[in-house]
Amino acid sequence: MNIEPSIHEFGGSKELPEERHDVMVVGGGICGMQAALDMGDMGFKVLLVEKEPSIGGVMYKLSKTFPTLDCSSCISTPRMASTAHHKNITMLTYSEVKEAIKEGEGNFRVRILEKPRYVDSAACTACSLCEKACPVIVPSEYDGNLSGRKAAFIPFDTALPKVAMIDLDNCIYCGACERACPVGCIDFLQTPKLHTARVRSVILATGFRLFDAKLKPTYHYGEYPNVITSMQMERYLSPTRPTHAIVRPSDGKEPGSIAYVLCVGSRDDTVKNPYCSQVCCMYSIKQAQLLMGALPLADIAIYYIDIRAFGKGFEEFYVQTKAMGVNFVKGKIAKIEQQENGDLTLFYEDIENGGRLSKSSHDLVVLAVGIMPGKDVAGIFKNDELKLDPIGWIKSPDEAGSPMVTSIRGVFAAGTAIGPKDIPDSAVEGSGAAIDAVAYLWTLDRERTGAEKKGGPS
Amino acid sequence: MATGSTPRPRRKVTEMAVQVDSHLMTDLKKMGAFDISACYNCGNCTAICPLSVEGHELPRKLIRYAILGLKDKIVSCPEVWLCYFCGECSTSCPRTADPGQFMMSARRYAIRRCSFGRVADAFYSSKLLSLLALSVFPLILLGIFATSHGPIITDEVDMWSFIPMDLIHELGLIVMAFLGLSVLANLFIMYRNLSRAAGAAPSAKVKLTRRAGIWLKALITIGIVEVLAQRRFTKCDDNSSEAQSKKGTYKYWAHMAVFWGFLGLAGATLIDYGINEYGLTVSRDISRVLGIVSGIVMMIGAAYFIYKRVKKDEVFSTFSHFSDWIFLILLFFGGLTGFMVTSFLYAGMAEATYISLVIHLMFSFDLLITLPFTKFAHAMYRPFALWIVTARDQVSAAGKTT
């Protein structure tokens, strides 16, 4: 979600008293939550900062995980609850770390800007009356713009913290929410709050950003209504989906033939992304399987350059999907054209059939968008240089041996902030970064006391 | 398979043999700037190419041949000549392998391989050799003029006393004879190569008269549509943006200017020849005006391409092989010196006229005599390949319907 507050400079903000923590985890996705929980369980005081209004990252939006087809929100939601209610974890949501200054080993001074929700979070009971009263409907970010939300809204059902907020950019200042609120917690005069904290170590789990499919103009995403992204298809397939059936956007027709275009924004020099995003092949295969359940009569074709099914159980999952009748076609889609009835024509070279120039027609096209480095995290470190690779992923000085270590001692990175990876690997790295941070803190304690410490937090 | 009861015809067995040339890629890379080793065979280039059609796909097929070292395949597939280099494959290649520049290099390679006695190697393998080869004929010409020029009249301009008309005509005939024979020889080599690729004739079912009709019709169609109007060039348009499309249109008209300018100059020469030799009763002004206008049109076209190749702001002009420069320089200076001759002639500057005439003859004869071996050769290979491909496709289509 990208709702910028109208006042977001330090000038208009309130400064709060300084707090102390053992570690600051930046990012509350599956990886950041894992790191925070592991450290919290070991008794460390954790400050978890999340830029969105709710923790959870991307995983709670997804339908199922690959290759086991586990329910994605059934895994992420309890984890979100554990994190939110952990006694050692302090959460700052809808907040961004503006700077982290290392003043010595085990001593970082950080400044965090909490954006205003225009709702008193402590008082809000998430009764939804403001949401019902609000007359403004705008596309819902949570549902990939496939459904609507109000300008006064709760981000999604399982949001944590579950509090309402007002999207001032779309607000018409009618005051309906204010009149509807039974506890009077709507506060249009809220200003950004500036938190200052002193932390002993930092874990960066800032995640990724999805490739903007509009950057591939030959696919006409955003222009042809029946060209959607894989994230939108995740929403269609999810138990909390926006529609009760899978329908294509232009006319609500149930699609009889669906095409997947792989490597949209990955392995593509024209958009300066030469790398493989690692998850698109597998999530497309997973979606194909789920679609065969949702739309048993639909034909599904996956257009690929190479299928990269490299993880545990991935190849078997791919072979199974093939056997279920999904049509795998080797050939990159060069361009998409829209027909009069909204169907789409895909142009490609059919590599495995003698390189024949081919085109095919589909009701719905899903662009398997790749993943890219998130917003610049290196900028928050004012005194030290956080090394990134040329693409923008955080670079460890020892990628093979200590992948979670960064160029700044005491700062660790995990998950898709380091490079593209799937959910289990992100969780693994969350735990890994937690253990690296613990080792760092204990080493500092040992150095300080000069004594061999048996274990346990300081 | 070889142990089957019916013995295979001998000819077929030799056709099956595939020769791998491990130097092919190096040879090709010497003549172009591209990185097809990076190709991961996604087929984007072929699918985006506005000239790629089912049955004649390009350019990935040729990239595959090059990577595998199949030099015979490269030389014998007509698709080399179906590309007009709009550059859309290069701008959209996810590996920045530059398939467009590769196609240009493959074309240079095909020109070398289809020339008799591999004469074209002299114009493509090294700059020095190329310059030497280019200067052979002008030097001979200079020698002839030095020894057998007429009186140098300076009080009035009299070109044909300085260089006797007969001498020019005899030289012209020799050049034309050499040119004609070379063109025939090279086209024959190309025909043989293309036939090897096509394999056994699929036309057995089509009657000879019908086949001849198809071939004749294809010749006329290609002559009008592809040589005179160059319609495929207009289809060859990078449609990725309006600006790109506009650039493609400029390129088409510049090419048309060079082509029609050259044709006009040839026409003017023929009219002049007719007046002098056969007493053609038309005004000499016709050939003069035609010559001047055509010369200017050709120079404008050539200047456009020179400007683009200097500026390197379009995909086709980012890299220039020296053979590209040689062709453009010969064209441009051939036109410019001709223009100078006419200007000095009307200005009554005798010595300047004679000197520029000698230079003009050197440039224009050199352009013609090296035609079958330089970049100019595309003017014969491309229409010929288009003719063969069109006719063969139509014959095989006719074979299927009957």
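This report describes the predicted model of chain A and chain B, going from each chain to the contact between them and then to local backbone features.

**Overall form of the chains**

Chain A has eight helices and 22 strands. Chain B, by contrast, has 18 helices and zero strands. The radius of gyration of chain B is 24 Å, close to the 21 Å that the globule rule gives for 402 residues, so chain B is as compact as a globular protein of that length. For chain A the value is 23 Å, which agrees with the figure near 23 Å for a compact globule of 458 residues. The table sets out like values for the two chains.

| Chain | C-alpha span along principal axes | Buried residues | Contacts joining residues at least 24 apart, among those at least 6 apart |
|---|---|---|---|
| Chain A | about 70 × 60 × 35 Å | 48% of 458 residues | 69% |
| Chain B | about 85 × 50 × 35 Å | 39% of 402 residues | 74% |

**Domains of chain A**

Chain A is divided into two domains. Domain 1 is made of three segments, 10-116, 191-207 and 374-449, while domain 2 is the single segment 210-371. Their C-alpha centres lie 33 Å apart. The contact between them takes 12 residues from domain 1 of chain A and 20 residues from domain 2 of chain A. On the domain 1 side, the residues that touch domain 2 divide into five nonpolar, three polar and four charged.

**Contact between the chains**

In the contact between the chains, 16 residues of chain A meet 18 residues of chain B. Two elements of chain A give two or more residues to its side of this contact, namely β18 (344-350) and β19 (356-362). Of these, β18(A) gives the most, with three residues. By class, the chain A side that touches chain B has six nonpolar, three polar and seven charged residues.

**Nonpolar cores**

The largest nonpolar core has 143 residues. The residues with the most contacts inside this core come from both chains: A:V261, A:L262, A:Y303, A:V365 and A:L367 from chain A, and B:L62 and B:A106 from chain B. The surroundings of A:L262 can be listed in detail. Leaving aside residues up to four places away in sequence, A:L262 touches A:C280, A:C281 and A:S284, the run A:I302, A:Y303, A:Y304 and A:I305, and also A:A368. Apart from the largest core lies another core, of 80 residues, which includes A:F108, A:C185, A:A427 and A:Y440.

**A helix of chain B**

Helix α16 of chain B covers residues 322-347, which is 26 residues. From its first C-alpha to its last, α16(B) reaches 36 Å, close to the 38 Å expected at 1.5 Å a residue. The residue that follows α16(B) is B:G348, with a positive phi near 75°.

**Cis peptide bonds**

Each chain provides an example of a cis peptide bond between a leucine and a proline. In chain A, the bond from A:L160 to A:P161 is cis, with omega near 0°. A:P161 is found in the loop between β9 (152-153) and β10 (165-166) of chain A. In chain B, the bond from B:L58 to B:P59 is cis, with omega near 5°. B:P59 has its place in the loop between α3 (44-48) and α4 (60-68) of chain B.

**Positive phi outside glycine**

Two residues of chain A that are not glycines are described here for their positive phi: A:Y94, at about 55°, and A:K272, at about 60°. A:Y94 sits in the loop between β4 (89-92) and β5 (95-104) of chain A. A:K272 is in the loop between β14 (257-264) and α6 (280-294) of chain A. Their surroundings put them in opposite classes of burial. A:Y94 has 24 C-beta neighbours inside 10 Å and therefore counts as buried, the threshold being 20 or more. A:K272 has 11 C-beta neighbours inside 10 Å and therefore counts as exposed, for which the limit is 12 or fewer.

Note on methods. Residues are numbered from 1 along each chain as its sequence is written. Chains are lettered from A and ligands numbered from 1 in the order in which they are written. This is a predicted model: local features need pLDDT of at least 70, side-chain atom pairs count only at pLDDT 80 or more; totals for chains, interfaces and linings use all residues. Two residues are in contact if their C-beta atoms, placed from the backbone, lie within 7 Å. Helices (H or I, at least four residues) and strands (E, at least two) are DSSP runs, numbered from the N terminus. Ala, Val, Leu, Ile, Met, Phe, Trp, Tyr, Cys and Pro count as nonpolar, Asp, Glu, Lys and Arg as charged, and the others, Gly among them, as polar. Domain bounds come from an automatic or database domain assignment. The radius of gyration is taken over C-alpha atoms; the globule rule is 2.2 Å times the number of residues to the power 0.38. A nonpolar core is a set of buried Ala, Val, Leu, Ile, Met, Phe, Trp, Tyr and Cys residues joined through C-beta atoms within 7 Å. The expected span of a helix is 1.5 Å times one less than its number of residues.
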